[in-house]
Amino acid sequence: RTHTMATSAADIEAAVSNHPVLLHKLTLMRQEGVPPREFRRLLKEVTYYVGYEATKNLTIEKVEIDTPIAKCSGFKLAENTAIIPILRA
């Protein structure tokens with residue numbers, strides 16, 4: 001499969017999240033005087049929330065697995081996926 005890189009802003013799809021926890025964390029990050037260590041901690045948390053939002057429509061497929069007790073059904077991602085968070089000011 002061939003993947004292409006976006007060549008202009010018009011090629012990029014963007015989504016806006018209004019998740020309450022994400023909005024709260026972003027507000028904490030934006031406050032004047034937030035210490036760099038706290039900013040980095042919040043940034044790490046925000047990347048997880050953004051990752052969840054960005055991957056909510058990925059395709060999954062059903063698989064059978066062995067557990068210590070019995071076989072059971074589960075799910076795995078149907079394709080290999082890379083998530084690269086890029087946050088800009």
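Which residues make the nonpolar surface patch of about 390 Å²? Select Leu58, Ile60, Phe75 and Leu77 and you have it on screen. Patches here are built from residues with over 30% relative accessible area and no salt bridge, with like charges joined within 9 Å and nonpolar side chains (Val, Leu, Ile, Met, Phe, Trp, Tyr) within 5 Å. Areas come from the Shrake-Rupley method with a 1.4 Å probe, and for residues only the protein chains shown count as cover.

Before moving on, some ground rules. This is a predicted model, so local features need pLDDT of at least 70 and side-chain atom pairs count only at pLDDT 80 or more, while totals for chains, interfaces and linings use all residues. Residues are numbered from 1 along each chain as its sequence is written, and side-chain values use heavy atoms, leaving out hydrogens and water.

Now colour by pLDDT, the predictor's confidence in each residue from 0 to 100. The chain averages 84, and 82% of the residues score at least 70.

**Stop one: the hairpin**

Select strand 1 (residues 60-66) and strand 2 (residues 71-77). Helices (H or I, at least four residues) and strands (E, at least two) are DSSP runs, numbered from the N terminus. The two strands pair in the antiparallel sense over seven bridges; pairing takes at least two DSSP bridges. Four residues make the hairpin connection between them.

Ile60 from the patch sits in strand 1 and is partly exposed at 48% relative accessible area. On this scale buried is under 20%, exposed over 50%, and partly exposed in between (1.4 Å probe, protein chains only).

Next pick Glu61, which stands opposite Lys76. Their side chains form a salt bridge at 3.7 Å, N to O, linking positions 15 residues apart in the chain. A salt bridge means a side-chain nitrogen of Lys or Arg within 4 Å of a carboxyl oxygen of Asp or Glu. Glu61 is partly exposed at 33%, and so is Lys76 at 43%.

Then show Asp66 and Lys71, in a salt bridge of 3.0 Å. Asp66 is exposed at 58%, as is Lys71 at 63%.

**Stop two: the helices**

Go to Lys25 in helix 1 (residues 20-30). Lys25 is buried, at 14%. Its side chain makes a 2.8 Å polar contact with that of Glu45 (N or O atoms within 3.5 Å, within protein one able to donate a hydrogen and the other to accept it; residues adjacent in sequence count only if both atoms are side-chain atoms).

Add Glu38 and Arg41, three residues apart in helix 2, whose side chains meet in a 2.7 Å salt bridge. With Lys25 and Glu45 they form a salt-bridge network.
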